[in-house]
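Subject: Structure handover

Hello,

Here is the structure I promised to pass on. Please open it alongside this note; my findings follow below.

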Amino acid sequence: MNREKSDLAAALRPRLPSPLQPVGDERFERHGVRLLLKRDDLIHPDLPGNKWRKLAPNLRAAAGRPVLTFGGAYSNHLRATAAAGRLLGFPTIGVVRGDELATRPLNPSLSRCAADGMRLLFADRAAYRAKGDADVLARFLRAAGVGADDVYVVPEGGSNALAAQGCAELGRELRDHDEDVDVVAVACGTGGTLAGLAAGLGQGPRAIGFPVLRGGFLGEAIRALQQEAFGGPAGDWSLDDRFHFGGYARTSPVLDAFARDFGERHGLPVERVYVAKALYGLSVLAAEGAFPAGSTVVAVVTGRDDGSDQASSR
């Protein structure tokens, strides 16, 4: 471990490697499948799951400069970035999708960001969609009162090459564990976690991603991230687009019932936006016979259910 990595770990004290927890669930066992949970939600109370893995290498690169990043009104990424700023003592700026939010009371998620010291800038949706354009980014920087050389910009969801490299450690932890793992599954938003996970797994277990957004664009994004982070395709991965339940932060009575039941059976409140969709998708694949009898399947728990109602039913 190099000095910068050691210093960041000493300051934030993450729990690594995260625990790998077996769960006895008849929806899998009846098909001869063993389910394990990779409890990344336990890594850090304020930077849980893939937020730690994606942010940590970016925070080292920021080297104490202000961090500007992007997210929606309920973005876990914005909350984790704001918390990191509070814990490590650097300024944070969050560009929030939806300028109509500027005149409304802050929701609990944005209130937490503000309480942690994050300056919130509300962008109209057209500008937010174009945030990758250099002129649009320059406009955001001017609004924040910072120069391009004085701020470190992290993309929406924290997914960039450094983030993918950080998430490769997740794959290495599973590849090198005593358990004989066949499949690792994770819910996907911007693709950085799956890009790194698959690379870290190498030619060992295969990885399955469950996109939580509609659109079918994620495969291209993951390939681009792997090219930038690792120089080309890495690992054995695939996507199953059937379990987004209408799109980001959308759910249904079926998914809600599944999440409640899983939580009651295993004493684990299930986060709805990401984790529930991955677990539900795995249960369907098991029922479809996608995993041979005797398989061991790991679901990555990328975040916690914090009690807020971020997901909406169709």
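**Overall picture**

The protein has 12 helices and 12 strands. Bear in mind that this is a predicted model. The chain counts 314 residues, and a compact globule of that length would have a radius of gyration near 20 Å. The protein comes out at 19 Å, so it agrees with that expectation. Along the principal axes, the C-alpha atoms fill a box of roughly 60 × 45 × 35 Å.

Burial comes next. Of the 314 residues, 54% are buried. The accessible surface is about 13600 Å², and carbon and sulfur atoms hold 48% of that area. Contacts reach along the sequence too. Among those with a separation of 6 or more, 75% link residues 24 or more positions apart.

**The four-stranded sheet**

One open sheet has 4 strands. Their order is β5-β4-β3-β6, and the pairing is parallel. Which strands stand at the edges? They are β5 (119-123) and β6 (152-153). Each has a single partner strand, so one side of each is left without a neighbour in the sheet.

Look next at β3 (residues 67-71) and β4 (residues 92-97). They pair in the parallel sense over 5 bridges. To find the register, start at L68: its bridge partner in β4 is I93.

A helix packs here as well. Helix α7 (residues 134-144) lies across β3, β4, β5 and β6. Its direction is at about 140 degrees to β5.

**Strand β7 and its partners**

How many residues of β7 (residues 183-188) are buried? The count is 6 of 6, so to speak a mostly covered strand. Both faces share in this. V183, A185 and A187 point one way, V184, V186 and C188 point the other way, and all are buried.

β7 runs parallel to β8 (residues 206-211), and 6 bridges join the two. Within this pair, A187 stands opposite F210 of β8. The chain gets from β7 to β8 through helix α9 (residues 192-201). This β-α-β crossover is right-handed.

β7 also pairs with β11 (residues 296-300). That pairing is parallel as well, with 3 bridges. Here A185 of β7 has A299 of β11 as its bridge partner.

**Where to look**

For a quick tour, begin with L68 and I93 in the four-stranded sheet. Then go to A187 and F210 for the link between β7 and β8. End with A185 and A299, where β7 meets β11.

Best wishes

Technical notes:
Residues are numbered from 1 along each chain as its sequence is written. This is a predicted model: local features need pLDDT of at least 70, side-chain atom pairs count only at pLDDT 80 or more; totals for chains, interfaces and linings use all residues. Side-chain values use heavy atoms; hydrogens and water are left out. Two strands pair if DSSP finds at least two bridges between them. Contact means heavy atoms within 4.5 Å. Axes are lines fitted to C-alpha atoms, for helices over the stretch in contact, and angles run from 0 to 180 degrees between N-to-C directions. Buried means under 20% relative accessible area, exposed over 50%, partly exposed in between (1.4 Å probe, protein chains only). A crossover is right-handed if, with the strands pointing away from the viewer, the path from the first strand over the helix to the second runs clockwise. The radius of gyration is taken over C-alpha atoms; the globule rule is 2.2 Å times the number of residues to the power 0.38. Accessible areas come from the Shrake-Rupley method with a 1.4 Å probe; for residues, only the protein chains shown count as cover.
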